[in-house]
Amino acid sequence: PTATSPTSPSLFTKRRSSRAPSLVAELRRRLENELEGIRGAGTWKSERVIASRQGPHLRLAGGILNFCANNYLGLSSHPEVIRAAVEALEKFGAGLSSVRFICGTQSIHKDLEEKIARFHQREDAILYASCFDANAGIFEALLTPEDAVLSDELNHASIIDGIRLCKANKYRYKHMDMQDLEAKLQDAQKHRLRLVATDGAFSMDGDIAPLREICQLAQKYDALVFIDECHATGFLGPNGRGTDELLGVMDKVTIINSTLGKALGGAAGGYTTGPKPLIDLLRQRSRPYLFSNSLPPAVVGCASKALDLLMESNAIAQSMAAKTQRFRSKMMAAGFTISGKDHPICPVMLGDARLAAVMAEDMLNRGIYVIGFSYPVVPKGKARIRVQISAVHSDEDIDRCVEAFTEVGRKHRALP
Ligand code: PLP
C-alpha cells in the first residue's frame, strides 16, 4: 500500500461522551459506512485463499460453488447411483454395439422402461439415447399430414426440430397464452387429430406451463397433450413426478418426454412414456430409436437407481424445494428480480447483456459459478444470469451465493 491509503482520518478522532456500548455501535456503523464506500467505489480488494503450495498451478480453498448444472437433486454424484453404474457395467458390459431391435435389448433396458412407466403412472415407456432423440422421433411417428400440432413459441429446440421433421399442420402459439392457443385450436378443428406440445417447465425463465388450462382447452377442442419434462421430472410435484403432478393433471396429459441426463443421475438418455400402443408404434417407426445404439448399461444403472431413490422417499425433492425457496426469497429481499416461481431455475433478470456477462465473471472471481445468458439464447434486452439450485447445496452455500450477488450487484449498479 502507498502513502495515499484512503483510511478516513476523522474516524477515530471525534470525541464521544456516551457509554461504551453505544460508542462501539457508533464505531461499527462508521466502519461499515467506510467499507461500503470502498465497495461502492469498486476498489475493494479480495484475497484468494490458496490451499496448495505456491507454484504455476494453484488449488483455491473452498473451491468453486456450482450454481449452473441441471443436477437438481444432486444424484449425479450420489454414491448409490455411482455404485449401481459400476455394477451394471461389470454385469452387462460396456455397451451393446447394436441398436435395440437387432441385438441391443438387455433385461436392464426392459426393467428401466417398466420403472419409468410406473414412476409416471403411465402404461409403458421407451428409452432413447437422449431426450433430444425422443423429441426428434415422436412427432414424425405419430402425426400425418391430416393432423395438427400446436406448439408453444418458447419450446425447447429439440421439440421445434422434432416438429419440423413431421408432416402435420403446424401452429405456434404465443408463450403460455391461452387465448392464442384457443384461437389456434379453433382453427385446427378441420384436422383429424390435434396435439398440443409444451415444455412442462421452461428452462430459460423457470416458468411452468399452465397445464390445467391447457388440458381444459384440449378437452374442449378434442386435442391430446404432450409435455417435455426435462426440467420437472424427479422434483416438481409432491412426489417429484413432474408438472402434471404439481398441477393435478396426471390423468389428462397423454404423452411425456423426459431426460435421464438432468435430475435422474445426469448421465444421459431420454424416454417417452404414455399409452402402450403409442410406445409400440414408436418401437416400430421412431427413427432415432430404430437407427441408434442402445443405452449403455452403466447409464441405465444410474437412472434406475435414481428412480429407486425417488420412489422410496420424496425427501431429496423436498430438500431442493426448501433451498429454492431460501434462494428466491433472499435474492428478492436483496432487491433482485427473479423470473419464474418456485422452480430451481432462478433467472436473475438484468436486462443488459454486458452487465450479465461482467457480473457472471465477477461472481466466478468470488468463487460462484453461474452463467450469463443473452441474445440469441434469450430475447434482446432480457439478459440474465441463470442460477440453478440443487438439493445438495447447503444453506450456507445458498447464503454465500446471495451475498456474492449482492456485492457484485452493488458494484455494477444492478442494485440501488
Ligand atoms: N428438452 C428440454 C426442455 C431440454 O432442456 C433438453 C436439454 O437441454 C432436452 C430436451 C434434451 O435433453 P437431452 O440432454 O437428454 O438430449
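Biologist: What makes Lys-380 count as lying over the face of Tyr-375?

Modeller: In this predicted model, Lys-380 is placed 4.5 Å from the ring centre of Tyr-375 and over its face, and the distance cut-off for a charge over a ring is 6 Å.

Biologist: How many disulfides does the structure hold, and how do you know that Cys-230 is not bonded to Cys-131?

Modeller: The structure holds 0 disulfides. The sulfur of Cys-230 has its closest cysteine sulfur in Cys-131, at 3.4 Å, whereas a disulfide requires the two sulfur atoms to be within 2.5 Å, so the distance is too far for a bond. Cys-230 is also buried, because its relative accessible area of 10% falls under the 20% limit.

Biologist: What rules out a bond for Cys-346, and why is Cys-346 called buried?

Modeller: For Cys-346 the closest cysteine sulfur is that of Cys-401, at 9.1 Å, which is too far for a bond. Its relative accessible area is 0%, and since buried means under 20%, Cys-346 is classed as buried.

Biologist: How many aromatic pairs does a search of the whole structure find, and why is the pair of Tyr-128 and Tyr-289 called edge-to-face?

Modeller: The search finds 5 aromatic pairs. In the one formed by Tyr-128 and Tyr-289, the ring centres are 6.0 Å apart and the planes stand at 70 degrees; the centres must lie within 6.5 Å and the planes over 60 degrees apart, so the pair is edge-to-face.

Biologist: What makes this a link between distant parts of the chain, and are the two tyrosines buried or exposed?

Modeller: Tyr-128 belongs to strand β2 (residues 124–128) and Tyr-289 to helix α11 (residues 287–290), with their positions 161 residues apart in the numbering. Tyr-128 has 2% relative accessibility and Tyr-289 has 7%, and with the limit for buried set at under 20%, Tyr-128 counts as buried, as does Tyr-289.

Biologist: Why is the pair of Phe-336 and Phe-405 described as edge-to-face, and where in the chain do these residues lie?

Modeller: Their centres are 5.7 Å apart with 70 degrees between the planes, which meets the requirement of over 60 degrees for edge-to-face. Phe-336 sits in the loop between α13 (315–334) and β11 (345–351), while Phe-405 is in helix α15 (residues 395–411), 69 residues apart. Phe-336, with a relative accessible area of 5%, is buried, and Phe-405 counts as buried at 0%. Together with Phe-327, these two residues form one aromatic cluster.

Biologist: Which residues of helix α10 are buried, and how do you know on which side of α10 they lie?

Modeller: The buried residues of α10 (residues 276–285) are Leu-278, Ile-279, Leu-282 and Arg-283. They cover an arc of only 145 degrees around the axis, which puts them on the same side of α10. The face turned away from that buried side carries the exposed residues Pro-277, Gln-284 and Arg-285.

Biologist: Why is Lys-305 called partly exposed, and which residues is Lys-305 in contact with beyond its neighbours within four places in sequence?

Modeller: Lys-305, which lies in helix α12 (residues 297–312), has a relative accessible area of 22%, and because partly exposed covers the range between 20% and 50%, that term applies to Lys-305. Leaving aside those sequence neighbours, Lys-305 is in contact with Glu-80, Val-81 and Ala-84.

Terms used: Residues numbered from 1 in each chain as written. Predicted model: local features only at pLDDT ≥ 70, side-chain atom pairs only at ≥ 80, totals over all residues. Heavy atoms only, no water. Buried < 20%, exposed > 50% of the residue type's maximum accessible area, 1.4 Å probe, protein only. Helix = DSSP H or I, 4+ residues; strand = E, 2+ residues; numbered from the N terminus. Arc of directions from axis to C-beta. Phe/Tyr/Trp six-rings, centres within 6.5 Å; stacked < 30°, edge-to-face > 60°. Lys NZ or Arg CZ within 6 Å of the ring centre and 35° of its normal. Contact = heavy atoms within 4.5 Å.
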